Each structure stands twice: as C-alpha cells, then as structure tokens.
Amino acid sequence: MADAATMDKIVALCKRRGFVFASSEIYGGLGSTYDYGHYGVLLKSNVKNEWWRAMLQERDDIVALDSAILQHPRTWEASGHLAGFTDPMVDCRTCGQRFRADHLQDLECPRKPSRHPGEAEMCDLTEARDFNLMFETTMGPVKDSGATVYLRPETAQGIFVNFKNVLQFSRKKPPFGIAQIGKSFRNEITPGNFVFRTREFEQMEMEFFVPPGEAADWYEFWKAARLQWYVDLGLRADHLRLREHDADELSHYSSATADVEYLFPIGWSELEGIANRGDFDLTQHAAFSGEKLEYFDPQTKERYVPHVIEPAAGADRATLAFLVDAYDEEEVDGEQRTVLKLHPRLAPIKVAVLPLVRKDGQPEVAREVAAALRGRMQAEYDEGGSIGKRYRRQDEIGTPFCVTIDHQTLEDRTVTVRDRDTLAQDRVAIDELPDALAARLAEPWQSPKLARA
Ligand code: GAP
C-alpha cells in the first residue's frame, strides 16, 4: 500500500499544528530557515534526549560536552574547512540564480517552462567555482579591524580541540567517546526539502577515540548501533538502510564512511554518517596548536594518537524522518483522520485530558486529573470544540492517549482512555491512571503501519 506521507503534507501539518514554520514569516521568510513551535520543540527535544540516553545513560564510556559555536579561526585551518569545505557552484548570468554545479540535474531553473538550469536556450551559466560553505563574521567592536571568525559548520571540531581537557578531567581512557549536541551553520547553495537541508541546523555528534588497532571493529559496532537506534524508536526497518561510501565519495579525513539512509518521500537520503576518521583530526590540531594530543597508556607504556570513529547525526533531519514515518491517513467510522503514529517516547504530548462537556463539574475534575498526570508526563488539558475535533487535533499531534472525563466519571471516578493507534477505549480509575499510563507508555511499540505493509 502506498505511503500517505508526502513532503507537502508534512509541511502543511507542521504549520497547521504549530510544529515548524518558516522563520521571519511576517517579513516574507528567510531562505530555508525555520522556527520550531511548541510541539516541534517538544518532539525535537525528545529526539535529542533519546540520543543523550543512548550515548550517556545506557553506556559508561561516553561523556558530554557543550563547546562554543565560535572557535579560534586556526581550528578551521587545521580541520581543512577553510581550504576545502566547498561546493562547486555556477551562476546564471540571465536569471542571476546560483546553483550547485554537481546537482544541476536535480534542480529547477526558476524561469518557465521549468527545466534544469542550463537547459533552456536563454540560460547562460558561468564556469563552476568553489564556494566555501562557512558563514563568516567579525569578532570585536570595530568591523574593519576585527578578527574574522566563523560559525561552526560542524560540532565535531569543538570535541577535537577539547580532547586534552576531557581526557584530563573525565578519567577515561580509549576506547571512550565525547558527545555533543548543538547548532551548526552552512551556507548551503541549494538548501531545501523543508528541514532536511537548511543553513542553520542541529547536529548530534559523538567522537569515539580508540586504540588504532581497534578502529575497524568499532566502526562496524557504531554502524550497527546507530542503525538500531532508529529502529528502536519506531522507524520502519524496511525504510532504513546502511550505504557504504565508494572510495571517490570519501571525505579527505575518512578511510571509511557509511550513511544511515531513510526512504524519505524525496527518495533514499542521508540521515546520519558514520566515519572512520583515523588520527587525522588529533594530528592536525596537534600540529597547528603545538599541543600534544595523544594518549599514554601507563600499563603498556605505549604512547599513541587515538583513532576516531564518528557517528554524526542531524537532529532536524531525524525529527523529519520520525514525522514522515509516523504520518498516516485512514478512515474511521466513515470519516478521514490524519494521525502521527509516533513512538510514544517521542510523542510531544503523552496524554490529553478532555472533559466531554464544558459543564456539570467535568472541567474541574479534568483539570485535577491533568494536574496529577503532569508530575509524571507531558499532559495537555483541552476543553475547546467538540470531542471529535479534539480527538482529531490530538491525533495530528501524535498524542498516544486521550483521557475523557464524562458524566460517569462524576459517579464512579473512572475515565475513558482512548488509544491513538488502536482506537480502543478502556475505563480506568482516576487513582490508578498515572501508573497505568506510565506502564503503557513504557511498553514495547512498533509502527502500526508495519501490520499493513
Ligand atoms: N562531522 C561530520 C559531519 O558534519 P555531515 O555528514 O556533513 O558530517 C552530519 O553531517 C549530519 O548532519 C548529516 O547526516 C545530517 O543529518 C546533518 N546535516 C548536515 N548538513 C545539514 C543541513 N544543511 N541541514 C540539516 N541537517 C544537516
């Protein structure tokens, strides 16, 4: 059966329900930048929290870091970004637009009838030139005499330049990892597909420092572990794959890289890269800074530069994949419903509390129930509109449970619990509700879309 999700439907739902909207919209928007509203913030922070959980809580060999966005400019000389973080671009002298030279076949010329850039007779493309993707700014109060600094294009370098600090204070030894989540910035020539490729985005990166002889095994380990993370959070396994890079695709620092790819409505696309970076980064930063960035093993008396295995994911791109995979449309009692079948751990709101009517003491009891649940989980109280409309709203937000307070509640202090996926309704005593919902939220879950495949 064809998947109901298209990029247009996801964008429309995100706007309609306040997950994500175009940034600076009242000024006409700013090319490919987006703002996250209430439910988008909750969803993306659940994604990030799950990543932290997998990195920090479920392991004892990884520590956290939060490095600055602005770093010493030598960082980017050492990393190779100043010289080599470029995309080839061409300009069209006729329409004034800029295109990625290696993506012309996927792009549309803005003139009608629409064709690929360079195809129409009037197109006049320049030769391809390299365009550095780093955003530049000036540090200091006087623009002309200030130092040029860069908004970081990846969070990884903040980890490498802190290797010595962390090694000293964390009491770890290879194999160990340093994990970081934070904003990165790239002046992409052709951003697009909603939050898939933007100029400002959040990365979730972990650099795992290992003895050189163990690098190949850890590379295999992290490829499997990172693929499994997405499956465990409900992405359908048949919509995920690992794709090993060919030799001509590898970055200058990498001896092996594989992408976790997801079958987005735009086709198979990268969610995350896992790279064997060897000793490139520590060696470069040691050469440029003059600091020794190595590990001395007191037991073997061996001194070495650790090799690095890097799983590098995008928080926005992962959030988009979870939205796409969850999006569904179905008919219920002759009516169409749109629903986000998100893994309950990711759902922005875990439970909505709804009085059936706005009278007879029902709102008061409903508020009391919502307050009791709030200590345990993200709960929302909603009394506006018909009960059908409120269910539909919660379905579109992806809320796993709706609790309805009705006339029977006032007699026996029980409520109805409606399950988002099965639509089954059970009666549960108010006193037992927090424990009962917490237990149901912790149950194993898999996408109901799988049953239909
Ligand atoms: N440190 C390695 C590194 O940055 P990358 O493949 O360039 O590797 C890692 O980026 C992840 O960051 C990507 O797999 C993607 O999820 C996310 N990402 C990269 N560029 C992005 C962009 N322009 N918009 C949104 N996410 C992006």
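1. Salt bridges come to 46 in this structure, which is a predicted model. Side chains of opposite charge can pair when their charged atoms come close, and the points that follow take three of these pairs in turn before moving to a network, a buried arginine, the helix packing and the cysteines.

2. The side chains of Asp3 and Arg236 form a salt bridge with an N to O distance of 2.7 Å. Asp3 belongs to the segment before α1 (7-16), whereas Arg236 sits in the loop between α7 (215-232) and β11 (240-244), so this pair ties together parts of the chain that are 233 residues apart in sequence. The two partners are placed in unlike surroundings: Asp3 is partly exposed, at 31% relative accessibility, while Arg236 is buried, with a relative accessible area of 7%.

3. A salt bridge also joins the side chains of Glu244 and Lys223, at 3.0 Å from N to O. Because Glu244 lies in strand β11 and Lys223 in helix α7, the pair ties together a strand and a helix, and its members are 21 residues apart in sequence. Glu244 counts as partly exposed, with 40% relative accessibility, and Lys223 is buried, its relative accessible area being 7%.

4. In a further salt bridge, the side chains of Asp426 and Arg440 meet at 3.2 Å, N to O. Asp426 is found in strand β23 (residues 425-429) and Arg440 in helix α13 (residues 433-441), 14 residues apart, and the pair is one that links distant parts of the chain. Here Asp426 is partly exposed, with a relative accessible area of 34%, and Arg440 is likewise partly exposed, with a value of 22%.

5. Some of the charged residues are connected beyond simple pairs, since salt bridges that share partners bring Asp328, Glu330, Arg337, Lys341, Asp395 and Arg418 together in one network. Where does Arg420 lie? Arg420 is placed in the loop between β22 (414-419) and β23, and at 1% relative accessibility it counts as buried. Leaving aside residues up to four places away in sequence, Arg420 touches Arg337, Val339, Leu340, Lys341, Leu342, Asp395, Gly398, Thr399, Pro400 and Trp445. Among these contacts of Arg420 are Arg337, Lys341 and Asp395, which are also members of the salt-bridge network. By contrast, the C-alpha atoms of Arg420 and Tyr253, 167 residues apart along the chain, are separated by 46 Å.

6. Turning to helix packing, two packed helices are described by the angle between their axes and the distance between the axes. Helix α2 (residues 38-57) and helix α9 (residues 315-326) have axes that come within 10 Å and cross at roughly 110°, which makes α2 roughly perpendicular to α9. On the α2 side the contact is made by Leu43, Lys44, Val47 and Lys48, and on the α9 side by Ala315, Asp316, Ala318, Thr319, Phe322 and Leu323. Sorted by class, this contact of α2 with α9 contains six nonpolar, one polar and three charged residues.

7. Helix α9 also packs with α1, at an angle of about 105° and with the axes 10 Å apart, and the two helices are therefore roughly perpendicular to each other. In this contact Met7, Ile10 and Cys14 of α1 meet Leu320, Leu323 and Val324 of α9. By class, the contact of α1 with α9 has six nonpolar residues, with no polar and no charged ones. Leu323 takes part in the contact with α1 and is also listed in the contact with α2.

8. How many disulfides does a search of the whole structure find? The search finds zero. Cys92 is in no disulfide, the nearest cysteine sulfur being that of Cys95, at 3.7 Å, and Cys92 is buried, with a relative accessible area of 4%. For Cys109 the closest cysteine sulfur is in Cys123, at 4.3 Å, which is too far for a bond because a disulfide requires sulfur atoms within 2.5 Å. Cys109 also counts as buried, at 6% relative accessibility.

9. On the overall fold, the secondary structure of the protein comprises 14 helices and 23 strands, and the C-alpha trace spans about 75 × 70 × 50 Å along its principal axes. Of the 453 residues in the protein, 50% are buried. Among contacts with a separation of 6 or more, 65% are between residues 24 or more positions apart.

Note on methods
Residues are numbered from 1 along each chain as its sequence is written. This is a predicted model: local features need pLDDT of at least 70, side-chain atom pairs count only at pLDDT 80 or more; totals for chains, interfaces and linings use all residues. Side-chain values use heavy atoms; hydrogens and water are left out. Buried means under 20% relative accessible area, exposed over 50%, partly exposed in between (1.4 Å probe, protein chains only). Axes are lines fitted to C-alpha atoms, for helices over the stretch in contact, and angles run from 0 to 180 degrees between N-to-C directions. Helices (H or I, at least four residues) and strands (E, at least two) are DSSP runs, numbered from the N terminus. Angles under 35 degrees count as roughly parallel, over 145 as roughly antiparallel, 65 to 115 as roughly perpendicular and the rest as oblique. Contact means heavy atoms within 4.5 Å. Ala, Val, Leu, Ile, Met, Phe, Trp, Tyr, Cys and Pro count as nonpolar, Asp, Glu, Lys and Arg as charged, and the others, Gly among them, as polar. A salt bridge is a side-chain nitrogen of Lys or Arg within 4 Å of a carboxyl oxygen of Asp or Glu.
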